[in-house]
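Here's a friendly walk through a protein chain you may not have met before. Take a look at the sequence and structure, and then we'll go through some of the details together.

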Amino acid sequence: MKLYTKKGDRGQTSLFSGRRAAKFDPRVAAVGDLDELSASLGLARVVYPDSSDLLCDAQKALYKISAIVSAEGRKIDLAFDDAEITALEAEIDRASDALPPLRDFIYPGEAEASARLHMARAVARRAERSIAALEEPAAPENVLAYLNRLSDLLFALARLADQQSGHGDRMLGG
């Protein structure tokens, strides 16, 4: 099978539901944001191997979320449950426990790993907004909760990466 199909040459693509949609369709855009988030996590994994397994697990979850969003409510055999959110919360707590309390807003990225994690965090927030803006039912409620926690985790990991690189947080006020 060739990599190119030529089916998208006229600005349309197929969703998992079977519907052909314009490439600028909000659902296609949301799936694209999830794809960009996965790529951003891949970049972060390269420079922050301490969290490679954790970020790879998040990439796997994003593939499930993409399928759910692309299915447009069609029943698919992919479970996405609250256990994945709970696992992220445990990792957020673990990272946060190793950090000093936040006193102000911070500037992202004192080290390369931190910068890449902050970039992935920003993409996660965009993906969350894209899915939230879709007509119901775009995805189960726990999908939005997962993306929200993922962005929180990426923020905590970015701070941790700065700490581990010897830079710490650069605060807005000083």
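## The largest pocket

Let's start with the lining of the largest pocket, sorted by class: nine of its residues are nonpolar, one is polar and two are charged. That makes twelve lining residues in total. Want to find the middle of the pocket? Look for I68, G73, R74, I76 and P140, which lie nearest its centre. As for volume, the pocket comes in at about 220 Å³.

Keep in mind that what you're looking at is a predicted model.

## The chain as a whole

Now zoom out. The chain has two strands and five helices. Trace it from the N terminus and you'll meet the elements in the order β-β-α-α-α-α-α. Along the principal axes, the C-alpha trace spans about 50 × 30 × 30 Å.

How much of the chain is buried? Of its 174 residues, 41% count as buried. The surface that the chain exposes adds up to about 9900 Å², with carbon and sulfur atoms supplying 53% of that area. There's also something to say about who touches whom: take the contacts between residues at least 6 apart in sequence, and 73% of them join residues at least 24 apart.

## A look at E36

Next, pick out E36, which sits in helix α1, the stretch covering residues 26-47. Is E36 buried or exposed? Neither, as it turns out: E36 counts as partly exposed because its relative accessibility is 35%, which falls between the 20% cut-off for buried and the 50% cut-off for exposed.

Which residues does E36 touch, once neighbours within four places in sequence are set aside? The answer is V123 and R126. With R126 there's a polar contact too, running from side chain to side chain at 3.0 Å. For a sense of distance, try K64: 28 residues separate E36 and K64 in sequence, and their C-alpha atoms are 15 Å apart in space.

## A look at K6

Finally, go back towards the beginning of the chain. K6 belongs to the segment before β1, the strand at 12-14. Its backbone is worth a glance: K6 isn't a glycine, yet it has a positive phi of about 70°.

Where does K6 stand on accessibility? It counts as exposed, because its relative accessibility of 60% is over the 50% cut-off.

Notes. Residues are numbered from 1 along each chain as its sequence is written. This is a predicted model: local features need pLDDT of at least 70, side-chain atom pairs count only at pLDDT 80 or more; totals for chains, interfaces and linings use all residues. Side-chain values use heavy atoms; hydrogens and water are left out. On a 1 Å grid over the protein atoms alone, a cavity is a set of points where a 1.4 Å probe fits but cannot get out, and a pocket is an open set with protein on both sides within 12 Å along at least five of seven lines; lining residues have an atom within 4 Å of a point. Grid points are joined across faces, edges and corners, and a volume is the space filled by probe spheres set on the points. Ala, Val, Leu, Ile, Met, Phe, Trp, Tyr, Cys and Pro count as nonpolar, Asp, Glu, Lys and Arg as charged, and the others, Gly among them, as polar. Helices (H or I, at least four residues) and strands (E, at least two) are DSSP runs, numbered from the N terminus. Buried means under 20% relative accessible area, exposed over 50%, partly exposed in between (1.4 Å probe, protein chains only). Contact means heavy atoms within 4.5 Å. Accessible areas come from the Shrake-Rupley method with a 1.4 Å probe; for residues, only the protein chains shown count as cover. A polar contact is a pair of N or O atoms within 3.5 Å; within protein, one must be able to donate a hydrogen and the other to accept it, and residues adjacent in sequence count only if both atoms are side-chain atoms.
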